[in-house]
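This report looks at how helices are arranged and at the side chains that link them. Please keep the sequence and the structure in view while reading.

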Amino acid sequence: NGLPDDWASDIITFGLTIIFMRGGLELDIDLIKKALPSALYLTFLPGVCEALMVAVFSMFIFNGMGFTLGCTLGFILAAVSPAVVVGAMFELKKQGLGVKQNIPTLVVAAASMDDVVAISGFATFVAIAIPPAGATTTTWVLIGLHTPIAITIAIILGLVGGNIAAMTKVWDKHWKRVAIVAVMGDRKSVV
């Protein structure tokens with residue numbers, strides 16, 4: 001109340017950035033490598049299943065809503081779910097629950113990537129549900145390739161950003177390390 005409307009988006013983005021940076025900084029790469037197939041399943045299956053179920057139920061709840069538009073709603077909801085899960089995993093990790101089986105690390109890693117899948121799925125399905133005027137075959141092919149391309153770019157940029165942040169000779173002070181991670185975590189500052 002009383003704040004400009006455009007600030008709300010920035011505040012939400014900043015909050016999610018903090019949540020996912022905290023999640024990313026607590027990951028153990030060796031443990032993720034051991035459980036890679038499970039991490040991949042947890043990355044794709046929960047969010048996609050959630051989006052599909054929301055799409056099916058939204059067709060019944062909102063009379064006349066199409067499946068593709070329902071998928072956009074489903075992916076919006078799926079993008080928010082990891083923020084809840086990551087916070088809960090930190091509490092379980094503090095209590096020592098599932099730590100020997102690496103469950104908190106696995107779930108945090110999957111939740112971070114699940115958000116990328118949800119945002120890419122939303123962009124794909126909103127383009128299908130509300131097609132651009134004069135869409136050609138090339139346009140539809142690009143819409144279909146959007147999600148795999150976005151995920152590939154996210155992985156590449158994550159690896160590059162991680163290597164930049166790991167340069168301990170450059171980021172020799174604690175405040176420098178915090179600053180570079182915060183700058184890389186906020187997508188608007190990079191763009």
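The text below treats an aromatic pair, then the helices that carry it, and then a neighbouring helix contact.

The model is a predicted one, and a search of the whole structure finds one aromatic pair in it. The rings of F75 and F125 have their centres 5.7 Å apart and their planes at 25 degrees, and because planes under 30 degrees apart count as stacked, this pair is classed as stacked. F75 belongs to helix α4 (residues 67-95) and F125 to helix α5 (residues 103-129), so the pair ties together parts that are 50 residues apart in sequence. The two rings can also be described by their accessibility: F75 is buried, with a relative accessible area of 7%, whereas F125 is partly exposed, with a relative accessible area of 22%.

The packing of the helices gives the setting of this pair. Two contacts that involve α4 are set out here.

| Helices | Packing angle | Distance between axes |
|---|---|---|
| α4 and α5 | about 165 degrees | 8 Å |
| α3 and α4 | about 135 degrees | 7 Å |

An angle over 145 degrees counts as roughly antiparallel, and α4 and α5 are therefore roughly antiparallel to each other. In this contact α4 passes α5 in a left-handed crossing, and the residues of the contact divide into 24 nonpolar, four polar and three charged. For the other contact, the angle of about 135 degrees between α3 and α4 makes α3 oblique to α4, and the crossing of these two helices is right-handed.

Helix α4 itself can be described in further detail. Its 29 residues should span 42 Å at 1.5 Å a residue, and the C-alpha atoms at its ends are 42 Å apart, which agrees with that expectation. The buried residues of α4 include G70, C71, T72 and G74, and also F75, the α4 member of the pair; further along the helix, A78, A79, P82, A83, V86, M89 and F90 are buried as well. After α4 comes G96, whose phi is positive, near 80 degrees.

Helix α3 (residues 36-61) contains L45, which is partly exposed, with a relative accessible area of 48%. Which distance separates L45 and D114 in space, C-alpha to C-alpha? The value is 8.8 Å, although L45 and D114 are 69 residues apart in sequence.

Conventions:
Residues are numbered from 1 along each chain as its sequence is written. This is a predicted model: local features need pLDDT of at least 70, side-chain atom pairs count only at pLDDT 80 or more; totals for chains, interfaces and linings use all residues. Side-chain values use heavy atoms; hydrogens and water are left out. Rings of Phe, Tyr and Trp (its six-membered ring) pair if their centres lie within 6.5 Å; planes under 30 degrees apart count as stacked, over 60 as edge-to-face and the rest as tilted. Helices (H or I, at least four residues) and strands (E, at least two) are DSSP runs, numbered from the N terminus. Buried means under 20% relative accessible area, exposed over 50%, partly exposed in between (1.4 Å probe, protein chains only). Axes are lines fitted to C-alpha atoms, for helices over the stretch in contact, and angles run from 0 to 180 degrees between N-to-C directions. Angles under 35 degrees count as roughly parallel, over 145 as roughly antiparallel, 65 to 115 as roughly perpendicular and the rest as oblique. A crossing is left-handed if the near helix is turned anticlockwise from the far one by less than a right angle, and right-handed if clockwise. Ala, Val, Leu, Ile, Met, Phe, Trp, Tyr, Cys and Pro count as nonpolar, Asp, Glu, Lys and Arg as charged, and the others, Gly among them, as polar. The expected span of a helix is 1.5 Å times one less than its number of residues.
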